[in-house]
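Here are a few worked exercises to try with the model open beside you. Have a go at each task before reading its solution.

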Amino acid sequence: MAAGSVLGVFTVSTVNVNGMRAAAKKGFVEWLAASGSDVILCQEVRAEAGQLPKDVVAPAGWHAHHAPSAVKGRNGVSVYSRAEPSEVRVGFGEAEFEDSGRYLEVHLPGVVVASLYLPSGDVGTPRQDEKERFMAAFLPYLVELRGKAEAAGCEVVVGGDWNIAHAEIDLKNWKGNQKNSGFLPEERAWMSRVFGEAGYVDVQRKLDPEGPGPYTWWSYRGKAFDNDAGWRIDYLVTTPGLADKCTSVVVERAPSYELRWSDHAPVTATFDFSPE
């Protein structure tokens, strides 16, 4: 774990691309090229490197790392960083999820940045059981990661699609979703443990504690996007020291339904380490 300070302004973006092959054709490549972020985290890539164009696999100006799933066409996470990582880690030590394309971590000077795609779940099915197993294994890892980072003088950012709306202000139709995966009481309690015993901070809520939203995912069905009937399930979660440096969090919602290249919107956080 590389020590050292994060200098100046540091910007991180996260987005679930909902299939990189399709997103690359619909606007992701242009968005990536225009981004001013230092690190970009992608989830639900659903492709191996050989299936993707070069300007996605190894775009100019970026150090790109990809963790595809062993199951073809599923999951997959990526991290693009301007600086070259000193260490790259796939998975978090739980055998079941090591090659599932759900967690990729890079170590940069003064900060560890990870892309997370937490299982979506479906109540009463094996998918929900998988989600619960993942959550049970991942929370202790978050605690361990924070402890190691603190010992090394580093901060941590875990960004991605957490597939849980933490509070009522995090989804439009919360009353109708209390028995659905993504807003179950036990899932919401788990998120509270991430922000409690694990000691992490939801930087969006630190800057905007009232809500509602801003939402980050809208179903393609019906008029969800047009009516802003969305969910906030894409988070940038950081250690407290980094959260204190956060100056803005922006959800890059597409201006219209037709201009979307994913059913999620990118979320970008800016941290200012400039001397006061």
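## Exercise 1: Cysteines and disulfides

Cysteine 154 counts as buried, at 4% relative accessibility (buried means under 20% relative accessible area, exposed over 50%, partly exposed in between, with a 1.4 Å probe and protein chains only). Before going on, note that this is a predicted model, in which local features need pLDDT of at least 70 and side-chain atom pairs count only at pLDDT 80 or more, while totals for chains, interfaces and linings use all residues. Residues are numbered from 1 along each chain as its sequence is written, and side-chain values use heavy atoms, leaving out hydrogens and water.

**Task.** Find out why cysteine 154 has no bond to the closest cysteine sulfur.

**Solution.**
- Step 1: take the criterion, a pair of cysteine sulfur atoms within 2.5 Å.
- Step 2: the closest cysteine sulfur to that of cysteine 154 belongs to cysteine 246, and because it is 19 Å away, it is too far for a bond.
- Step 3: cysteine 246 is also buried, with a relative accessible area of 8%.
- Step 4: searching the whole structure gives zero disulfides.

## Exercise 2: The surroundings of serine 115

**Task.** Is serine 115 buried or exposed, and which backbone oxygen does its side chain reach?

**Solution.**
- Step 1: locate serine 115 in strand 7, residues 111-117. Helices (H or I, at least four residues) and strands (E, at least two) are DSSP runs, numbered from the N terminus.
- Step 2: its relative accessible area is 0%, so serine 115 is buried.
- Step 3: list its contacts (heavy atoms within 4.5 Å). Beyond the neighbours within four places in sequence, they include Leu41, Cys42, Val77, Tyr103 and Gly159.
- Step 4: the side chain of serine 115 reaches the backbone oxygen of cysteine 42 at 3.0 Å.

## Exercise 3: Strand 4 and its partners

**Task.** Which residues of strand 4 lie on each side, and how many bridges join strand 2 to strand 4?

**Solution.**
- Step 1: recall that side chains in a regular strand alternate between the two faces of the sheet.
- Step 2: on one side of strand 4 are Val77, Val79 and Ser81, on the other Ser78 and Tyr80, and all are buried.
- Step 3: because five of the five residues of strand 4 (77-81) are buried, the strand is largely enclosed by the rest of the structure.
- Step 4: strand 2 (39-43) runs antiparallel to strand 4, joined by five bridges (two strands pair if DSSP finds at least two bridges between them). Leucine 41 has valine 79 as its bridge partner.
- Step 5: strand 3 (63-67) pairs with strand 4 in the antiparallel sense, over five bridges; here alanine 64 is partnered by tyrosine 80.

## Exercise 4: The open sheet

**Task.** In what order do the six strands of the open sheet come, and which strands stand at the edges?

**Solution.**
- Step 1: the order is 5-6-7-8-10-9, with mixed pairing.
- Step 2: strand 5 (87-90) and strand 9 (201-202) stand at the edges; each has a single partner strand, so one side of each lacks a neighbour in the sheet.
- Step 3: strand 5 pairs with strand 6 in the antiparallel sense over four bridges, and valine 88 stands opposite valine 106.
- Step 4: six bridges join strand 6 to strand 7, again antiparallel. These two strands form a hairpin with two residues between them, and glycine 110 in the turn has a positive phi of about 80 degrees.
- Step 5: at the other edge, strand 9 and strand 10 pair antiparallel over two bridges, with valine 201 partnered by threonine 238.

Methods. A polar contact is a pair of N or O atoms within 3.5 Å; within protein, one must be able to donate a hydrogen and the other to accept it, and residues adjacent in sequence count only if both atoms are side-chain atoms.
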